[in-house]
Amino acid sequence: MRTLLSRLIHSTPSISRLNTTAVSVSGRNLCTDSNKVDEPFKVEEAETVNVPPPPTEKLLVLGGNGFVGSHICREALDRGLSVASLSRSGRSSLHDSWAGNVTWYKGNILSTDSLKDALNGVTAVISCVGGFGSNSYMYKINGTANINAIRAASDQGVKRFVYISAADFGVVNYLLQGYYQGKKAAETELLSKFPYGGVILRPGFIYGTRSVGSMKLPLGVIGSPLETVLQVAKPLNQIPLIGPLLTPPVNVTAVAKVAVKAATDPVFPPGIIDVYGIQRYSQHKSN
């Protein structure tokens, strides 16, 4: 037995010989002795693969050169979206730097051809189209025009559609029947064509700095204090007829923020968002 163990021991390479055995790795000689390294490892840079960037969402704002629409365009650009606008006058008269980053289409929303060109490649639409006048005119602008846009967007495969409607002001509804009847008709069409991606915002008085020609009207001087006071008076909104008149105003930046979020966030709940919902969503941090 002792003879056998002796042979095994003498036939095994010594530890010192193992520690000095050199190995070749990627053409570099390294010593297996932990205290000796001929040269450090050289990491070769991997070949770069050209991967196309993810597709950019494209937003179409109907009436993007108006008071609310211009704020929506700017908010969307700030969020890195590709933005286009369709309106009767085309390019905005504003000289702000952001306006140069919007694709401006001049056309009639009642025209299918105008909508078809503007909707090319669009993933979401926000409509700020509305107006006042005779009852027939108000129904045409607030109702028929928006219904036409909703149907065209649905046919083009647009994913989401946000409509800036209006709060119910009770007795005022009877004085502006064409306005509110048009709004309600457009709302009904939107919920029908976009049951999972249609959002209706119902703000009351929207305040902010309005540009009228070369003049700027600081409506926030009145709107901001009223918003603070009327938020506290929310229970009074339930009073028949006059209660809705106490609906608080809302800042145009809040409307713009929520509209863009509703148009781009796939988990934003579809349906109707009243002024209190607009205020609540506008305080949420953007993703």
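This short talk walks through a predicted model of one protein, from its overall make-up to a pocket, a strand and a loop.

Before the details, please note that the model is predicted, that local features need pLDDT of at least 70 and side-chain atom pairs count only at pLDDT 80 or more, while totals for chains, interfaces and linings use all residues. Residues are numbered from 1 along each chain as its sequence is written, and side-chain values use heavy atoms, with hydrogens and water left out.

Let me start with the whole chain. The protein has 10 helices and 13 strands, where helices (H or I, at least four residues) and strands (E, at least two) are DSSP runs numbered from the N terminus. Of its 287 residues, 43% are buried, a word I use for under 20% relative accessible area, with exposed meaning over 50% and partly exposed in between, for a 1.4 Å probe and protein chains only. Among contacts (heavy atoms within 4.5 Å) with a separation of 6 or more, 65% are between residues 24 or more positions apart.

Now to the largest pocket, whose volume is about 990 Å³. A pocket here is an open set of points on a 1 Å grid over the protein atoms alone, where a 1.4 Å probe fits, with protein on both sides within 12 Å along at least five of seven lines, and lining residues have an atom within 4 Å of a point; the volume is the space filled by probe spheres set on the points, which are joined across faces, edges and corners. The lining comprises 37 residues, and Cys128, Val129, Gly130, Gly131 and Lys183 lie nearest the centre. The elements giving two or more residues to that lining are α3 (67-78), β4 (82-87), α5 (135-155) and α7 (177-193).

Strand β4 also leads us to β3, since the two run parallel and are joined by 5 bridges (strands pair if DSSP finds at least two bridges between them). Leucine 59 of β3 has valine 83 as its bridge partner in β4. Lys58, Leu60 and Leu62 point one way from β3, whereas Leu59 and Val61 point the other way, and all are buried.

Finally, which loop holds phenylalanine 268? It is the loop between α9 and β13, and phenylalanine 268 counts as buried there, at 3% relative accessibility. Leaving aside neighbours within four places in sequence, its contacts include Arg160, Val199 and Tyr281. Aspartate 265, in the same loop between α9 (252-264) and β13 (271-274), is buried with a relative accessible area of 12%, and its C-alpha lies 9.2 Å from that of arginine 160, 105 residues apart in sequence.
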